[in-house]
Each structure stands twice: as structure tokens, then as C-alpha cells.
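Trainee: Got a minute to go through this one with me?
Mentor: Sure, put it up on the screen.

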Amino acid sequence: MAPGEPLLEVRDLVKHYPLTQGVLIKKQVGAVKAVDGVSFDLRQGETLGIVGESGCGKSTVARMLVGLERPTDGHIRYRGEDITRLSGRAMKAVRRNIQMVFQDPYTSLNPRMTVGDIIGEPFEIHPEVAPKGDRRRRVQELLEVVGLNPEFINRYPHQFSGGQRQRIGIARGLALRPEIIVADEPVSALDVSVQAQVVNLLARLQADFGLSYVFIAHDLSVVRHLSDRVAVMYLGRIAEIGTGEQIYDHPTHPYTQALLSAVPVPDPGARAHRAGASAGEGRGRILLSGDVPSPADPPSGCHFRTRCWKAQELCARVEPPLAVPAAFQDATGPTRHASACHFAEERRVVPSE
Amino acid sequence: MTNGGAPPAQPLLDVQDLAVEFRTRDGVAKAVNGVSYTVAAGQTLAVLGESGSGKSVTAQAVMGILDSPPGFVTGGRILFQGRDLLTLGKEERRRIRGAKMAMIFQDALSALNPVLSVGTQLGEMFQVHTGTSRKEARAKAVELMERVGIPAARARVGDYPHQFSGGMRQRIMIAMALALEPDLIIADEPTTALDVTVQAQVMDLLAELRREYRMGLILITHDLGVVADVADTIAVMYAGRVVESAPVHQLYKAPAHPYTRGLLESVPRLGHKGRELHAIKGLPPNLTAIPPGCAFHPRCPLARDVCHTDRPPLYDVGPGRTSACHFWKETLDGAR
């Protein structure tokens, strides 16, 4: 992990989407609490992975980081400056340094623009980065950096495969030489063999350009592979956050444990080892019952309590803070990390290799 | 695969040298080029492949739901309980579909009819195939919903697909496939659209039902993890053919085809933060211009001259194991 102060500081970030009723006179009848108080830091040169299932708010966090959504509450500080309420020119300057790579390489590229125009478009908005005469050369450079033939500059997106399109999306993200790249499920839509190529590319670019990543994905193996630190989200909040080792090898939050234990492992030997154990006892797989509750009506207290085998009356009353649990205050090993659970305890669920 | 470890009885499903092509404006896409695999009763065969490998098209041909035109079966046989399905008439195949073999699709929301209640759709199976009364069909629908673990089934039988969550919708799909207790179920990426915790629930349900009803199951997937958990045997597909098939343990321990090996090496593991992944170079081929010889040769680290010219046959490489690689021995030894 790199030393120094954090590049990004996110504090108590909230995003509520109002639910309205009525056509002419709109009355707010509630809110979808997509993100409900999220805090984390991103340091220079590190990768923060955010994992969670659909609807946990991870993509909304990503969109707020790059300024595509305005937070309902909370702060995002970039190099110490609060960028949540910036407008106009100031926002534009900050955005240059925080760029996004999207999930779907099929819908995030304009089919009527050539690859050269797509990758060069950021230069139209930020002409100071590349003078007009220089742009074509810069675009070709970028194509080369992401492993595409620079001669493809005049081709259209449909002439490329999914993996190649994702490379185009990454080249566009790199165009303005940002410090931070927020990647929202950048490899989820790709086939396994191609996914590995793009994962390697992302790792190489980080080393070459000193980038910091916020890497969002539902695939826990990919996140572990790329991330220095990992945040696990559930229903708009962070359940547990720590280094890869802390989260994967020493999880203390029951949701993290259930999530990790449910990941299918490409090793048939692991089947016997994991089968048969029910929730709450021993090692092995933890099968959660039921579905994630609606974010429009989340449970009181701990959001996870409706699916948790440890839940007690306290969990319904008091929201557990995201901090090192009391039980691990004196610990010195990797169990000492922030976990939002009243009854946190370590349980190893990932088979060691 | 045909003679390896010969089972005593005839297999439930025996696909032999199947070929399917799509005739499009841009040329003929050879989606399936001589696929052979077998499924025994009570067994799970996983068909593993990336997009465009022909794994779903093969399944559609087996089910008889290939879009035709543009898709045409151009060769091979599909023996189901000893009968070649390709020789049967439309009406006969329709009777087999649902009653004898059923399919579970990836996207339950688009596979279910949005304007009919789930009870009606489930009950329809009985009304059409066995001629039960509407009331009785409704009762059976509730029973099925309970069987696949939908809470408050009696109260929810009148609900519409959009009122269920993704996991619950997939359970309804499973209930529908199960309705007439078929002998074979084909599940095409049944859990790909689901979150991991829900995915685990659905896979467990599927495995449990397969055991209970002693059905054959074909599980089509791209996920090496899901396969390892539930399959008995695996067929790996690439560019429209099976390039390797083996019992699941052996395939993971010592792959006999460079493509399989590449796939296994390219997935990141949960247990450690990784070094660089061993990616397979290049891209899967365009199906209108499949490379001559071995289709995998442009991406293969072992490729030699013979691979550019001679299409490798399916070599028997061990009991119940085949590999379509000229250098299977080298690959196998390298893995050990």
C-alpha cells in the first residue's frame, strides 16, 4: 500500500431516489435508499475493490465518484477538496482526473462514431490536454497502449469483439491521463479467456501510469486478483472493509462469509469439503435463505439481519457501526479490521490452495 | 466418447456427429461441426464453452427449437432413448418436448409469459400434455411451486412473473421444466443472471431434484466453478465441436487439450492475490471462417505444422476420456 494521504476520501455518502405518486402534483411517498452512508478512502496507486450483489449500491457509488450522480448527502474529497458541490468549470477540471470504464462494451460505445472519434472525444471537452493537430497521434498511441492495432482508428465498434471493445473503452478512460479510474464491472461481460487478457491489461496500465483504481465487480475472484483493499457492500452500506487478506482469509462479517462460501470454486475436490455444512456451524458452505430486501424499505438496524443466522434483538434496534469490532480491538493479526456486525467472529470459508 | 468406458445400457441421450449451420446474408456460419456427447440417466453432463462455441445451438437442436431458417441441422444423429429425433415429425417432437425432455433458460424474465400468471403457465403444462382439468392443474401448480421452494406458494400462484425476484423466477422455470417429470433436463446457463448467494441456492435445488427424479441433466455453462461443483462429466466445446471430454475430476486435474488448460489457467482464484493471469492469446474464431486444420491452432502454444492442415480426430486418451488434439499426450504429460 502506498503511503501518504488519501487521494479520495468518501464520507457518509448517501443517494436516495425519491418515489413519487401522482401525475400532475407529485407527492413523495418514499425513497429508494440506493446508497445509505458509505465511507472509504482511496490511496495513491492502490486498487480498492468493491463487491456486492445486484442492488447493493456499488454502481451508484461509482456514478457519484465520477460525477454522473449527485449525492443526496455526504462528501467526496479529492486531494482534500470537497467535490460534491462543485459546479461548472471547477467540476470539469476535477472530472478530468477521475474517469470511468463501463461494464457493457456493446452499449457504452456510440455505434455511429469511429474508434478514433470515440477515444478522441474527451479531447474535445478538455482541449488543453491535446492540441488539435496532435490528437490523431495521441489516439493511435492510446490504441497501442491497450493492445489494439493503431491502424484500426477509422473502424466502427461493431467491427470489434467484446474484448476489443472493452479495450476501446479503457483507452477512452485513459485519454485524459486521469489519476483515478473507476471501473464498473469492466470484465463481467467478457468470456473467460478474453477476461484474463483485460484483467492483465488493467494491472499493467496501473503499474505503467501509476493509476489508482476503484474496481467494482460481483466476481469475487477477479476482485481479489486485482485489489489491494476490498469493501463488501450490502443493501447500500459497507459491511466489511480491509485488505484482500483480511477480507478473504479472515472475514468476520457473516455476510462476507456467506458470500465467499457461495462462490463456486473451479476445483471438484472442494465439493466434498464444502457440501453438507449448514449455516452457522463449522466450515463449509453457508446457504443464505431468501432474497435481498427492497432498498425502498430496508430492515431497521442492521440491513443484513433478515437473512442472518446470528441475528438477535439488538440487530433490529441498533445499526452496527463500520469499525473494528470490540472483540478484535486487542487483536494484532489480520482479524483486526472494520466489520459492521454486533457479533463479529472470524470464520475461514475460502479453501486455502 | 462413443466407445470409451462403454456403459452397459444405452445412454439416455446420444448425440452423434451433429452439424448445424446458419445461412445468413453474410455467409454460412458453421455453428456446430460434428458434436458428439452422451448423457446417461441420472447423470450430469456439463457442456463448457465460451460464447460462439456452439454449446447452446447444440442444445437447441436436441430440443428441436432451433430457429429454422436460418438454422439447419446438416448432419448427424440425436438418439434419445434409442430413437433418432431427427427422423421424427414435428408433432411427435412436440409431444416429447416438455414430457420427456425440458429446457431451463438463462433469462427467466424473457422466457416466461409476462401477461399470464405463473399458476396459469405451470398449469398449462398439465392441461396441454395430460388433459387434466383446470382446477386440478392449479393444484398441481401449487404443489410444484412448493417443491421448488417458493414461500407461500398458495398465495402467490396467481402472481405474475415480474412480481417475483430473479432467483424465484428461476425456481419457477425449474418447476415448469419439472412439471411432467421428464427424463432429461437441459439447463442453459441457469444461474448466470443470478447473484452468487442465490446462484448457490438454485444450483443446489437443481442437483437435489435431479437425484430425486433420476433425470439426466445437461448443464450448459461458461463458468468453470459451477461445473466443478455439480457435474459428473464435462464436454469442452470450441468453435462448434467438442475438443475434450472427461470425468470432472480428471479434467480439472490433468486437462488433455491445450484449450481446456488455457481456460483453467486463465481464471483468477479466490485463495490468493494474483500474479499475471495466463491468458489465452487472440480471439475465438469467426464461425463463417473457421481456421483449417485444428480450429484452435492460431491461439495454441503447442501448434505445429500438422495443426494447420489436419483436423484432429477425437483421440481416446483414457477411460471415458477423449481429446481433439494431435499432441494430447504432451498436454497430458505437461499437466501431470
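Mentor: One term before we start: two strands pair if DSSP finds at least two bridges between them. And keep in mind that this is a predicted model.
Trainee: OK, so how many bridges join strand 9 to strand 10 in chain B?
Mentor: There are 6 of them, between residues 233-238 and residues 241-247 of chain B, and the two strands run antiparallel.
Trainee: Which residue stands opposite B:Val236 there?
Mentor: That's B:Glu244, in strand 10.
Trainee: What's the strand order in the sheet?
Mentor: In chain B it goes 6-7-8-3-9-10-12-11, an open sheet of 8 strands with mixed pairing. Strand 6 (101-104) and strand 11 (315-318) of chain B are the edge strands, each pairing on one side only.
Trainee: And how much are neighbouring strands turned against each other?
Mentor: By 25° on average, ignoring direction.
Trainee: Switching to the interface: how many residues of chain B are in contact with chain A?
Mentor: 39 residues of chain B, and they touch 39 residues of chain A.
Trainee: Which helix of chain B gives the most to that side?
Mentor: Helix 8, with 7 residues. The chain B side splits into 17 nonpolar, 14 polar and 8 charged residues.
Trainee: Last topic, chain A. At what angle do helix 3 and helix 4 cross?
Mentor: Roughly 115°, with the axes coming within 9 Å. The crossing is right-handed.
Trainee: Which residues make the contact?
Mentor: From helix 3 of chain A, A:Gly116, A:Ile119, A:Gly120 and A:Phe123; from helix 4 of chain A, A:Arg135, A:Arg136, A:Val139 and A:Leu142. By type, that contact has 4 nonpolar, 2 polar and 2 charged residues.

How values were computed:
Residues numbered from 1 in each chain as written. Chains lettered and ligands numbered in written order. Predicted model: local features only at pLDDT ≥ 70, side-chain atom pairs only at ≥ 80, totals over all residues. Helix = DSSP H or I, 4+ residues; strand = E, 2+ residues; numbered from the N terminus. Axes fitted to C-alpha atoms, helices over the stretch in contact; angles between N-to-C directions. Contact = placed C-beta atoms within 7 Å. Nonpolar A, V, L, I, M, F, W, Y, C, P; charged D, E, K, R; others polar. Left-handed = near helix turned anticlockwise from the far one by under 90°.
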